[in-house]
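Biologist: Could you take a close look at one buried residue for me, and then work outwards to the parts around it? I'd like the whole picture in one go.

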Amino acid sequence: MKKLTAILLSIMMLLACVVTASADDASYLGVMLGTNVMSLDTNLATDGDSFEVIADCIDGLMQMDKDGAAVPALAESYDVSDDGLTYTFHLRDAKWNNGTPVTANDFVFAWRRIAKEAGEYAYMLDEIGNIKGAAEIISGSEADLTTLAVSAPDDKTFVVELNVPVSFFPSLMYFPTFYPINEEFYNSLADGTYGTSPETFLSNGAFVLESYTPGTANLSVKKNPDYWDADRVKLAGINYQVVGSSDNALTAFRNKTLDVVMVSGNQVDAAKKDATLAENLKVTGAGYMWYLSFSQTEKNAEGGMLANANLRLAISNAIDRENLVDNYVMDGSLATYTAVPPQFAASSTTGDDFSANQDAFIDYVGYNPEKAAEYLEAAKAELGKDSFSFTMIYGNNEGDEVQKVAQAIKEDVEDALPGVEINLQSMTKAERLDKMQNDNYDIALTRWGPDYADPMTYLGMWVTNNSNNYGFWSNAEFDQLIADCTTGAYISDYDARWEAMFKAERIVMQEAVIAPLYTKANANLITAGVEGIDFHPVALNRVYKDTTK
Amino acid sequence: MIKYTLKRIGMALLTLLIITFLLFVLVRIMPGNPFPSERMSAEQIQNKRAEMGLDDPILTQFIRYMGNVLHGDFGKGTSLYYGAPISTVLSTAISNSFRIGGIAVLLGSLVGLLLGITAALNRGKFLDGFCTVFSILGVCVPSYVFLIFLQYTFSFKIPFFPYFFDANRFLFSSVIPSVSLSLFTMSTIARFTRNEMVDVFDSDYVRLAESKGMYGRNLVMKHVLRNALIPIVTVLAPLIVDLLTGALVVEKIYGINGIGKLMVDAIAGEGIDYNYVLALGILYSALYIGIMLVVDLLYGVLDPRIRVSAKGKEA
Amino acid sequence: MEKTYTPVKEDFTLLDRQDLYTDKNFASQSYWKGVAIHFFKNRRAVIGLVIVLLIILFAAIGSSLNEFGYRDIVQYRNENNKRVVAKGIAPQIPALHKLFTGEEPEGNFGSYTFLFGTDDLGRDLWTRTWYGARVSLLIAFVTIIIDMIIGMSYGLISGYFGGMTDNIMQRVVEVANSVPRLVIVSVLAIFMPKGIWLVIIALLLTEWIGMSKIARAEMLKTKEQEYVLASRTLGARNGHIIFREILPNTIGPIITQVMFSIPTAIFTEAFLSFVGVGIALPMCSVGTLIEDGFNNITTLPYQILPPIIVLALLMLGFNFIGDGLREALAPKLEDM
């Protein structure tokens with residue numbers, strides 16, 4: 001035993017000698033990532049964390065100011081043609097970190113590549129941006145990339161042509177999908193190696209990549225001295241660390257290992273109760289909304305029972321959303337009673353939040369067990385059935401609170417609606433999506449995050465035959481309203497379009513196509529003295545260009 | 001012996017091929033989509049499937065895949081670390097997991113053996129009881145709880161070790177994960193060693209040796225331990241595979257880019273990543289088969305009387 | 001003239017005196033009776049048995065000893081019609097409460113007492129711990145018993161016959177063990193409804209291998225020993241040698257393996273939830289309770305303790321029983 005202790009001790013001492021003084025530069029900001037960075041290639045990245053790191057290193061034509069509005073970045077200015085179909089961006093002098101200047105051709109190359117590879121976010125080019133020629137290339141029916149209507153008349157001018165006017169087009173330009181890639185550099189790399197290490201990645205933004213390998217749990221970026229707006233950037237760099245649990249994030253913050261962490265559930269509660277931590281707590285909107293999707297087709301839910309609007313309304317009115325956010329989610333998420341969540345889409349004429357009035361549809365959605373019971377009675381009479389048993393699917397890897405929320409919903413619904421049984425079934429997110437896309441579920445606890453700051457990012461989902469219309473609901477009036485807003489009558493009349501979208505939302509709520517639950521917030525802990533991190537619910541969740549430490 | 005070994009290696013390779021094919025088929029049945037997307041059209045997804053050759057007959061796909069694998073090309077991720085070739089991601093993960101797991105194996109088996117021997121020599125006394133309680137705790141408390149405990153104590157309360165894994169300070173930052181991973185192995189080995197040794201102590205030949213005047217270390221090393229080692233090696237073998245192939249939660253909490261997390265991300269991440277599941281599956285199988293081969297050969301070394309073959313022709 | 005006498009079969013008849021061959025002293029107690037006597041003489045074994053029986057008893061009835069159901073969320077509405085949920089309450093055993101909160105237990109939630117506290121949904125942990133123990137014990141016992149039967153027979157047969165039989169059987173084991181468990185389980189979940197039985201089948205598919213490996217190793221070690229040779233010379237059949245002669249002599253390591261399979265089964269069940277296979281919420285098991293507790297280990301540290309303590313006591317009990325059984329099943333000379 002003595003020998004054992006001696007051996008262990010000597011191992012410890014040996015290790016203590018190995019401690020090298022590689023202590024991180026104190027002026028680096030330590031930031032938690034929720035998941036691994038999946039890719040630094042704008043064509044392949046699909047998650048918020050990857051987008052954040054890409055945006056640290058690369059600037060697009062536009063950038064977000066601290067309120068989320070689009071302001072010029074690499075584009076010094078831009079012109080719109082009178083018909084709203086042609087955008088001309090005038091580029092400023094900026095350099096990649098290998099010294100070559102950023103030119104309009106870098107955008108042409110990057111955008112063509114996005115269209116050609118037709119990845120997850122290629123739809124920003126055709127469905128959202130409505131860029132001429134994009135749809136044909138993405139669907140594979142057109143092989144000639146030059147048919148994409150983007151061009152570079154000279155090094156400093158970049159021109160885009162659209163099919164229809166898109167009122168929010170400039171604000172799309174801060175989304176990483178639209179960032180440039182240097183063609184010459186890209187072509188000099190071996191296939192599949194772009195963006196897999198600091199050597200195979202070019203920056204033109206506030207930071208350059210310092211250390212990164214695919215799959216790594218920690219990476220760092222350092223200040224780019226050649227950034228066109230270098231004076232603005234105060235941080236020496238950022239150390240990113242993937243943290244696996246909220247509990248661990250809290251300890252890492254207390255330990256001062258990290259300056260910026262996200263906590264959820266009980267850890268928010270613990271932080272609130274701790275006087276010093278409470279001061280560091282900052283709640284920011286995460287943008288995405290959790291909601292219940294009901295399958296309305298014959299083959300699900302005991303022969304299409306959920307096609308009955310009264311039954312859906314009954315379930316929606318049985319759920320106490322305030323209880324969900326106060327007692328289980330706890331991170332400042334907002335109980336939501338509208339199909340389009342609040343806080344991300346403001347009217348550009350009045351500045352009003354589209355969903356500021358959460359009581360707008362209070363007749364159809366809200367916690368009201370008596371009303372829920374009435375709806376249920378109506379549904380029972382219409383369906384000639386007294387008891388219902390539905391399976392509710394949810395992802396087991398979508399955040400700590402999801403399974404708590406699922407259980408609380410089950411209790412609420414079964415309490416308020418005698419005869420209705422909800423069975424919970426957990427699965428991976430991949431399987432949940434698969435089941436929803438193949439219409440093989442009754443009720444799903446799911447979420448959707450806005451890709452751009454317009455209510456259409458939600459409303460567009462419920463158009464007949466849209467691939468995200470998981471309930472297979474169909475309503476001609478709704479379809480017409482949406483068509484008018486995207487390609488038809490209201491396209492150039494901003495306020496009329498806004499009104500029409502509101503009408504469309506009312507139809508969704510009246511029929512309880514979905515049951516909105518809550519709009520997610522992030523509870524951040526930020527070290528005292530760290531200022532100027534811009535949080536946004538859309539596109540880029542965190543921006544560090546003005547951050548000081 | 002050489003002929004037998006060669007034959008066993010040949011068999012092992014054949015088994016590996018069968019397993020690879022089995023995995024190849026199974027992974028395609030698994031629920032989930034290799035191109036998970038809420039934003040791509042069905043047409044786009046179909047194009048991607050076709051590009052990857054998923055519409056070809058399964059045998060064609062398999063032969064093509066094996067051809068690539070033999071050239072060291074495991075393909076690219078479809079839903080995990082999309083762009084990068086799997087071999088580069090995997091090699092980092094392997095080096096991390098193997099080194100941390102390796103330290104855990106060494107620590108676990110050596111300390112476990114020592115504890116077990118100590119307990120057996122002190123049967124019924126305090127040390128024996130201590131060993132029992134220790135090994136029970138070691139298997140009842142999951143390694144990730146030990147990890148949190150160690151991390152909390154030695155990185156937070158007493159900030160000595162790094163709070164997260166840091167590949168640049170490998171040895172130093174692998175102490176906490178290695179120790180916490182080794183405890184299960186340590187407990188299991190300690191318990192098995194103790195019980196095996198007690199059995200051997202009671203056997204006739206040890207009694208004979210004792211009666212011939214053999215005592216102490218000589219007896220333990222020469223007779224007892226050697227005979228007790230066979231079941232111990234058997235228990236240890238799968239534990240080694242488990243340790244080397246990583247432990248999900250430990251890797252997740254301590255921020256280690258390792259195999260365990262990679263496997264779960266490949267299966268239960270955004271989608272089913274066929275190429276990653278296959279590459280990791282092949283790795284896992286190869287390890288397992290390799291270690292089992294070593295164990296079978298070791299049996300013969302540990303106890304020459306043991307013949308795995310029936311009539312001793314092949315031994 | 002001398003005649004050579006050739007014996008015929010009839011010359012040899014059995015005397016009707018079987019008592020001659022019977023050792024009355026030995027046979028008067030049956031083998032199992034002897035085992036039982038030995039076992040109950042061992043004090044540690046008895047303590048172990050009591051612990052295990054108590055846990056089984058609590059698992060059976062513990063969750064119905066108070067007014068809470070395992071899935072009941074304890075809550076009420078305050079004057080503002082807001083829900084107050086009894087979540088995150090530390091154990092209301094006075095000593096424990098003081099340890100975790102540094103203060104005396106304040107008034108109970110309404111008139112309720114939560115002995116083990118409540119979880120972060122507001123459910124009574126006493127109820128859930130014993131309910132979870134019931135689920136886990138069921139899973140662990142069913143799988144381990146079946147695994148033991150399959151694994152032991154497989155390993156003993158494979159090791160005994162050796163050669164080609166062993167070779168083929170071991171390759172089958174390798175194939176079965178090499179496919180990562182998560183893959184097998186995900187595929188299995190397509191053909192079977194998710195739930196407790198899927199978990200049991202999933203565990204069955206892989207857990208028997210460890211047992212078979214031990215049994216085979218024991219067989220390899222034992223089969224060349226003298227008593228086996230003696231038995232074979234006397235014309236015993238293979239089945240007899242394997243299951244009557246060798247099996248009892250290999251029982252020690254097998255019992256150890258069985259005991260160590262219990263926590264493995266319990267944790268593996270919880271691990272399966274990573275691929276969405278596992279018992280359906282709001283049901284719980286010891287494994288999932290430990291995982292839930294782990295998610296809040298620094299903020300609500302008491303959550304993880306009840307399931308771990310129950311598991312540790314269970315293991316302690318089984319270890320004592322195991323040791324007792326080993327000694328009772330294969331008694332050594334001095335014990336006689």
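Modeller: Leu300(C) counts as buried because 25 C-beta neighbours sit inside 10 Å of it, where 20 or more is what it takes. Bear in mind that this is a predicted model. As for where Leu300(C) sits, it's in the loop of chain C between α12 (286-295) and α13 (305-329). If you leave out residues up to four places away in sequence, Leu300(C) touches Gly88(C) and Asp120(C), plus Asn266(A) from chain A. Gly159(C) is another matter: from Leu300(C) it is 141 residues away in sequence and 50 Å away in space, going C-alpha to C-alpha.

Since Asn266(A) is one of the residues Leu300(C) touches, let's move over to chain A. It has 19 helices and 19 strands. Its radius of gyration is 25 Å, close to the 24 Å that the globule rule gives for 549 residues, so chain A is as compact as a globular protein of that length. Along the principal axes, its C-alpha trace spans about 80 × 75 × 40 Å. Of the 549 residues, 54% count as buried. Take the contacts in chain A between residues at least 6 apart in sequence, and 66% of them join residues at least 24 apart.

How far can you trust chain A? The mean pLDDT is 88, with 95% of the residues of chain A reaching 70 or more. The stretch to be wary of is residues 16-23 of chain A, where pLDDT stays under 50 and the model has six contacts beyond four places in sequence.

For a helix in chain A, try α3, residues 104-117. Its 14 residues should span 20 Å at 1.5 Å a residue, and the end C-alpha atoms are indeed 20 Å apart, so the two agree. α3(A) is mostly covered, with 10 of its 14 residues buried; among them are Phe107(A), Phe109(A), Trp111(A) and Ile114(A), and also the charged-type names Asp106(A) and Arg112(A). What do the buried residues of α3(A) pack against? In chain A they meet the strands β5 (86-91), β6 (150-154) and β7 (157-161), along with the helices α4 (123-128), α5 (134-139) and α7 (183-187). After α3(A) comes Ala118(A), with a positive phi near 50°.

Now for chain B, which has a side for each of the other two chains. Its contact with chain A takes 48 residues from chain B and 46 residues from chain A. On chain B, the helices that each supply at least two residues to that side are α2 (42-52), α4 (86-121), α6 (143-157), α7 (170-173), α11 (248-254) and α12 (259-268). α4(B) gives the most, seven residues. By class, this side of chain B divides into 25 nonpolar, 16 polar and seven charged residues.

Turning to chain C, 53 residues of chain B are in contact with 45 residues of chain C. Helices of chain B that each supply at least two residues here include α1 (2-29), α5 (126-140), α8 (175-201), α10 (216-244) and α13 (274-302). α6 and α12 of chain B are on that list as well. The most comes from α1(B), with nine residues. The side of chain B that touches chain C has 38 nonpolar, eight polar and seven charged residues.

Definitions and conventions: Residues are numbered from 1 along each chain as its sequence is written. Chains are lettered from A and ligands numbered from 1 in the order in which they are written. This is a predicted model: local features need pLDDT of at least 70, side-chain atom pairs count only at pLDDT 80 or more; totals for chains, interfaces and linings use all residues. Helices (H or I, at least four residues) and strands (E, at least two) are DSSP runs, numbered from the N terminus. The radius of gyration is taken over C-alpha atoms; the globule rule is 2.2 Å times the number of residues to the power 0.38. A residue is buried if 20 or more other C-beta atoms lie within 10 Å of its own, exposed if 12 or fewer, and partly exposed in between; C-beta atoms are placed from the backbone. Two residues are in contact if their C-beta atoms, placed from the backbone, lie within 7 Å. Ala, Val, Leu, Ile, Met, Phe, Trp, Tyr, Cys and Pro count as nonpolar, Asp, Glu, Lys and Arg as charged, and the others, Gly among them, as polar. pLDDT is the predictor's confidence in each residue, from 0 to 100. The expected span of a helix is 1.5 Å times one less than its number of residues.
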